Amino acid sequence: GGGARYIALKHARTARQCVELIGRLYTQFGVKYPSGFGVADSNEIWYVEAGGGHSWAAVKVPDSCYFIAANSYRIGEINVEDSLNCMASPGLKEFCIQNQLWNESYVKFNFTSIFGGGRKEKFGNNLYNTRRIWRGTDHLNPDLMLPPDTEFFPMFLKPSRKIDLQGCFSILRDHYEGTPFDPFLSENDKNPERAIACWNCVHTDVITLMPGEPVAYGAVIWTGLSTPFSAIYVPVYYGVSSIPTGYNIAASTFNPKSAFWKYKIMSDKIRSGEVSSTGEWFIHRNQFEKEEIDHQSSILTKARKLQKETPNQVGNFLGSVSESFAATAFKLIQKTGK
């Protein structure tokens, strides 16, 4: 299962090494739970998919491009001989031929077509996952004007404009607003489509990596708890000496000290209509997140200075910054939730 990823992270210094090690573990021991996931460092981003058994493939995301996945197979046509941009289980093609999954007469070797089981989705809706891929693509490449019932997409696309943090937050909060598929519309109450943002989400994150910077403050996980509808993205630096108060409590039932439950309560108020799904709350939240982003430059400047002069204090400084942002976010929730 997912344990192979944690083993590989402990023994790899680059994304490529990490993928190679995960691949070796998959090849030797097999795959308990087929799934897809990304591995990144500040130079490369890779995406890995397991086909089940001992079969797997990984692709390098080209520079200046983005990649979108949504709970379905996404690795399409690959060249397993292109070791710079692709990795795969040894003898993958031979295995597929032997098991009549692929024929050498086919021009393309398409991982999704072979292992993805077609496009059948839950409840007979073949757009259950692809609609979300369409929506993300439409945000980043509106110039393509893809129809919402598109089912097959290029693996990689270059966005129409640069992707920034707030743009990532916005996409993860998207619920097809402005389209007939918006689950907030009364006509969709009985059979709502699953949007990018959904009510049963328990955490949402954006990870940023800065080339040339130490991982302590060059790697940041912008963490949002509960559904994206109510979450506030708070930066937690990888070098913190402690994580923000309440973020280390994973209670399955209500716990007033848990950060997750504070956001979950807000989510329930939005869902019930007690707090409007539009209006002041969202304006204040977006403004606060912008202020967090604007402060990053000065935070990095101080972290660099500490790294040179008193490196043992970097973790405490970063922890206090994350703690401060998290505390302010809590106040914003409490003020709005009254």
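Buried residues make up 44% of the 338 residues in the protein chain, and I should say at once that what we are looking at is a predicted model. The chain exposes about 18600 Å², and carbon and sulfur atoms supply 54% of that area. For a chain of 338 residues, a compact globule would have a radius of gyration near 20 Å, and the 22 Å found here agrees with that. If you follow the C-alpha trace along its principal axes, it spans about 65 × 60 × 40 Å. Of the contacts with a separation of 6 or more, 58% are between residues 24 or more positions apart.

As for the secondary structure, the chain holds 10 helices and 7 strands, and I will go through the two sheets in turn.

Let me take the sheet with four strands, which is open and has the order β1-β2-β3-β4, with antiparallel pairing. Its edges are β1, residues 36-40, and β4, residues 86-88; each has a single partner strand, so one side of each is left without a neighbour in the sheet. From one strand to the next, the twist averages 20 degrees. Between β1 and β2, the latter covering residues 45-52, there are 5 bridges in the antiparallel sense, and if you want one pair to look for on the screen, Phe37 has Val48 in β2 as its bridge partner. Helix α2, residues 15-29, lies across β1, β2, β3 and β4, and runs at about 145 degrees to β1.

The other sheet is made of three strands, again open and antiparallel, in the order β5-β6-β7. Here β5, residues 203-209, and β7, residues 234-237, stand at the edges, and because each has a single partner strand, one side of each is left without a neighbour in the sheet. The twist in this sheet averages 30 degrees from one strand to the next.

How many bridges join β5 to β6? There are 7, and the two strands run antiparallel; one of the pairs to look for is Leu209 with Ala219 in β6. On the other side, β6, residues 219-225, is joined to β7 by 4 bridges, also antiparallel. Along that pairing, Ile221 stands opposite Val236, while Thr223 has Val234 as its bridge partner in β7.

Is β6 largely enclosed or left open? Since 6 of its 7 residues are buried, β6 is largely enclosed by the rest of the structure. Helix α9, residues 280-309, lies across β6 and β7, at about 30 degrees to β7.

That brings me to the nonpolar cores. The largest has 39 residues, and the members that touch the most others are Ile232, Tyr237, Tyr247, Tyr263, Trp281 and Leu318. The elements giving two or more residues to this core are α6, α7, β6, β7, α8, α9 and α10, and of these α10, residues 314-337, gives the most, with 10 residues. To see how one member is placed, consider Tyr247: leaving aside neighbours within four places in sequence, Tyr247 is in contact with Thr223, Leu225, Val234, Ala259, Tyr263, Ala326 and Phe330. Apart from this core lies another, of 19 residues, among them Ala8, Leu21, Ile22 and Ala58.

One more helix deserves a look before I finish, and that is α5, residues 130-140, where 9 of the 11 residues are buried, so that α5 is largely enclosed by the rest of the structure. Among those buried residues are Arg131, Arg132, Arg135 and Trp134. Which element do the buried residues of α5 pack against? They pack against α6, residues 165-172.

Finally, a word on a single residue, His284, which sits in helix α9. His284 is partly exposed, with a relative accessible area of 40%. Its C-alpha atom is separated by 34 Å from that of Leu127, a residue 157 places away along the chain.

Definitions and conventions. Residues numbered from 1 in each chain as written. Predicted model: local features only at pLDDT ≥ 70, side-chain atom pairs only at ≥ 80, totals over all residues. Heavy atoms only, no water. Pairing = 2+ DSSP bridges. Axes fitted to C-alpha atoms, helices over the stretch in contact; angles between N-to-C directions. Contact = heavy atoms within 4.5 Å. Buried < 20%, exposed > 50% of the residue type's maximum accessible area, 1.4 Å probe, protein only. Rg over C-alpha atoms; globule rule 2.2 N^0.38 Å. Areas by Shrake-Rupley, 256 points an atom, 1.4 Å probe, with all protein chains shown as cover. Core = buried A, V, L, I, M, F, W, Y, C linked by side-chain atoms within 4.5 Å.
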